[in-house]
Amino acid sequence: MNNWFEWRDAPPGDFAVLGDPIHHSRSPRIHAAAYAAYGLPLTYHAIRVPTGELEAALAHLESLRYRGVNVTLPLKEEAFAWAETEPRDAVYGALNTLDIRTRFGTNTDVPAFLSTLRGFEIEPGALIHVLGAGGSAKALVVGLAQSGFRLRLWNRTQSKADDLAQRTAELIPGARIEVVAEVSPTYCAALINTTSASLSAESLPIPWPSAAQNLLAYDIAYTDGLTRFQQDAASHGLRHADGRAMLVEQAALAFTWWTGKEAPRTDMLAAVYEHPHPHT
Ligand code: NDP
């Protein structure tokens, strides 16, 4: 039996994650753990919605009495166009959490990422090296600049890193951001991998420093074991993290946004580690 639905075949429910592909999503399990912890009679489904169909899918889900959805690849920019949002979130250009009835949205990815970074005691003012300039990098780079981090950007296609740096500088006055043609972790507190290279187990062209630099190698992707990026960092004696804590934290913030209740993070975290399949 499928554990996901096409949007036209969706059953009635309360919450859902929408994206394409969606079969691999761990979000239903994470939210189910939160509902179970509170004894809430709520449901959360994974529903496939292709690019260009978000508006129609949301109208259909509203008729089925859904209250809210998370959106993931490739719908975060469409969600931004669909919903109203706070000015704080408007700079990200992408939303991942929507209230269907009020047509209001928020971005819980960026605060989730920033809070996991604080967990490693990396504070504003530190130099952060971001690898990648795709959809998730766009929002994270703006969030990092907004929080006062200094930024070094690298992307395989350099013109996209240039565009992202320029966009960020326009949005965040005083942003300190440089683009580099080659990965260069010198003086950096953290190296953040936002590329999708880990999903195909490819190594990135990184001149890894020695463990003495105390660099954090943080991959926002995750697989069942260590990602390739984490393996490479570990082989150089560096501390490393993957994207599971960020995934759980964005879910926790969405749960609170929708229900007004404190998120049972321990239960939610346990659920993400039980899931047998990789990716979001
Ligand atoms: P995009 O497709 O928008 O961007 C992909 C980026 O990866 C581009 O910068 C691309 O470079 C780069 N890239 C892809 N393959 C390679 C490679 N072999 N070598 C070097 N660079 C490469 O993806 P997203 O930004 O939406 O997602 C990126 C990752 O983040 C995914 O793994 C996703 O699972 C993860 N993610 C995790 C979240 C979490 O909660 N933990 C939340 C959101 C995303 P180029 O421009 O040259 O093509």
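Two strands are taken as paired here if DSSP finds at least two bridges between them, and with that in mind the tour of this predicted model can begin at its sheet. Select the seven strands that form an open sheet with mixed pairing, and follow them in the order β1-β3-β2-β4-β6-β7-β5. At the edges you will find β1 (4-6) and β5 (84-85), each of which pairs on one side only.

Next, select residues 15-19, which make up strand β2, together with residues 44-48, which make up strand β3; these two run in the parallel sense and are paired over five bridges. Within this pair, Gly19 can be picked out standing opposite Arg48 in β3.

Now add residues 244-259, helix α9, which packs on the sheet and touches β2, β3, β4 (68-71), β6 (97-99) and β7 (104-106). If you look along β6, the direction of α9 makes about 15 degrees with that of the strand.

From the sheet, move to the largest pocket, whose volume is about 1,400 Å³. Its lining comprises 49 residues, and to find the centre, select Leu73, Ser136, Thr194, Ser196 and Ile220, the closest to that point. Colouring the lining by class would show 21 nonpolar, 21 polar and seven charged residues.

Which elements each supply at least two residues of this lining? They are β4, α3 (76-82), α6 (135-146) and α9, and α6 gives the most, with five residues.

Finally, colour domain 1 (4-107) and domain 2 (111-244) separately: both give residues to the lining of the largest pocket, so the pocket lies between them.

Technical notes. Residues numbered from 1 in each chain as written. Predicted model: local features only at pLDDT ≥ 70, side-chain atom pairs only at ≥ 80, totals over all residues. Heavy atoms only, no water. Helix = DSSP H or I, 4+ residues; strand = E, 2+ residues; numbered from the N terminus. Contact = heavy atoms within 4.5 Å. Axes fitted to C-alpha atoms, helices over the stretch in contact; angles between N-to-C directions. 1 Å grid on protein atoms, 1.4 Å probe; cavity = no way out; pocket = protein on both sides within 12 Å on 5 of 7 lines; lining within 4 Å. Points joined across faces, edges and corners; volume = space filled by probe spheres on them. Nonpolar A, V, L, I, M, F, W, Y, C, P; charged D, E, K, R; others polar. Domains from an automatic or database assignment.
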